[in-house]
Amino acid sequence: MQQAVDSKERRHSIEPAEISQESNTKLRITWADGQVCNYESALLRRACPCAQCVDEWTGERTLKSAAISDEVAIADLTIVGRYALNFVWSDGHQTGIYSFQYLRELCESATNVLA
Ligand SMILES: [Zn+2]
């Protein structure tokens, strides 16, 4: 019984309550469970999950971090369905679909690195 409640809350927690583009290089997501995540555009661009940036078969990242400028900016941002964000980057790349779950994982792994 308790477990059912937990998994329901976990699903709830990966929905954003607010998505705020602070500047063209900073994005802030406030999640439904109250956690606030701040993202730098270069980090998000380098984490692009699309088929051009990650090998579909092996899951290996083919995009090299060094290939992305630290100055890369968010040119546009749209919500895909109710589960993901799609960014248009200042370098013209726009095929990445970032699920809310993926964004939350990126935020949590970045926090772990800092901690
Ligand atoms: Zn990509």
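A residue counts as buried if 20 or more other C-beta atoms lie within 10 Å of its own. Gly 96 has 23 other C-beta atoms within 10 Å, and is therefore buried. The model in which this count was made is a predicted one. Gly 96 sits in the loop between strand 5 and strand 6. Its contacts reach well beyond that loop. Setting aside neighbours within four places in sequence, Gly 96 is in contact with Cys 48, Pro 49, Cys 50, Cys 53 and Phe 87. One of these partners, Cys 53, is 43 residues away from Gly 96 in sequence. In space, the two C-alpha atoms are 8.5 Å apart.

The protein as a whole contains three helices and six strands. Along the sequence, these elements follow the pattern α-β-β-β-α-β-β-β-α. Of the 115 residues in the protein, 15% are buried. Contacts across the sequence were also counted. Among contacts with a separation of 6 or more, 34% link residues 24 or more positions apart.

The strands are described sheet by sheet. Strands 1, 2 and 3 form an open sheet in the order 1-2-3, with antiparallel pairing. Strand 1 and strand 3 are the edge strands, and each pairs on one side only. On average, neighbouring strands of this sheet are turned by 20 degrees against each other, direction ignored.

Strand 1 covers residues 16–23, and strand 2 covers residues 26–31. Six bridges join these two antiparallel strands. A hairpin of two residues leads from strand 1 to strand 2. Ser 23 has Lys 26 of strand 2 as its bridge partner. Ile 19 stands opposite Ile 29 in strand 2. Ile 29 also has a bridge partner in strand 3, namely Cys 37. Strand 3 spans residues 36–40, runs antiparallel to strand 2 and is joined to strand 2 by five bridges. The hairpin of strand 2 and strand 3 has four residues between the strands. In this hairpin, Gly 34 takes a positive phi near 100 degrees.

The other three strands also form an open sheet, with the order 4-5-6 and antiparallel pairing. The edges are strand 4, residues 74–80, and strand 6, residues 97–99; each pairs on one side only. The twist from one strand to the next averages 30 degrees.

Strand 5, residues 84–89, runs antiparallel to strand 4, and six bridges join the two. Two of the pairings can be named. Thr 78 has Asn 86 of strand 5 as its bridge partner. Leu 77 has Phe 87 of strand 5 as its partner. Strand 4 and strand 5 form a hairpin with three residues between them. Gly 81, in the turn, has a positive phi of about 55 degrees. Strand 5 is also joined to strand 6, by three bridges, and these strands run antiparallel. Leu 85 stands opposite Tyr 98 in strand 6.

In a regular strand, the side chains alternate between the two faces of the sheet. Strand 5 has a covered face and an uncovered one. Leu 85, Phe 87 and Trp 89 belong to the covered face. Ala 84, Asn 86 and Val 88 belong to the uncovered face.

The residues of the covered face reappear in the largest nonpolar core. This core has 14 residues. Leu 44, Ile 74, Leu 85, Phe 87, Trp 89 and Leu 103 touch the most other members. Strand 5 and helix 3, residues 100–114, are the elements that give two or more residues to the core. Strand 5 gives the most, with three residues.

Phe 87 ties several of these parts of the picture together. Not counting residues up to four places away in sequence, Phe 87 touches Leu 44, Ile 74, Leu 77, Gln 94 and Gly 96. Leu 44 and Ile 74 are among the core residues that touch the most other members. Leu 77 is the residue whose bridge partner is Phe 87. Gly 96 is the buried glycine described at the start.

Terms used:
Residues are numbered from 1 along each chain as its sequence is written. This is a predicted model: local features need pLDDT of at least 70, side-chain atom pairs count only at pLDDT 80 or more; totals for chains, interfaces and linings use all residues. Two strands pair if DSSP finds at least two bridges between them. Axes are lines fitted to C-alpha atoms, for helices over the stretch in contact, and angles run from 0 to 180 degrees between N-to-C directions. A residue is buried if 20 or more other C-beta atoms lie within 10 Å of its own, exposed if 12 or fewer, and partly exposed in between; C-beta atoms are placed from the backbone. Two residues are in contact if their C-beta atoms, placed from the backbone, lie within 7 Å. A nonpolar core is a set of buried Ala, Val, Leu, Ile, Met, Phe, Trp, Tyr and Cys residues joined through C-beta atoms within 7 Å.
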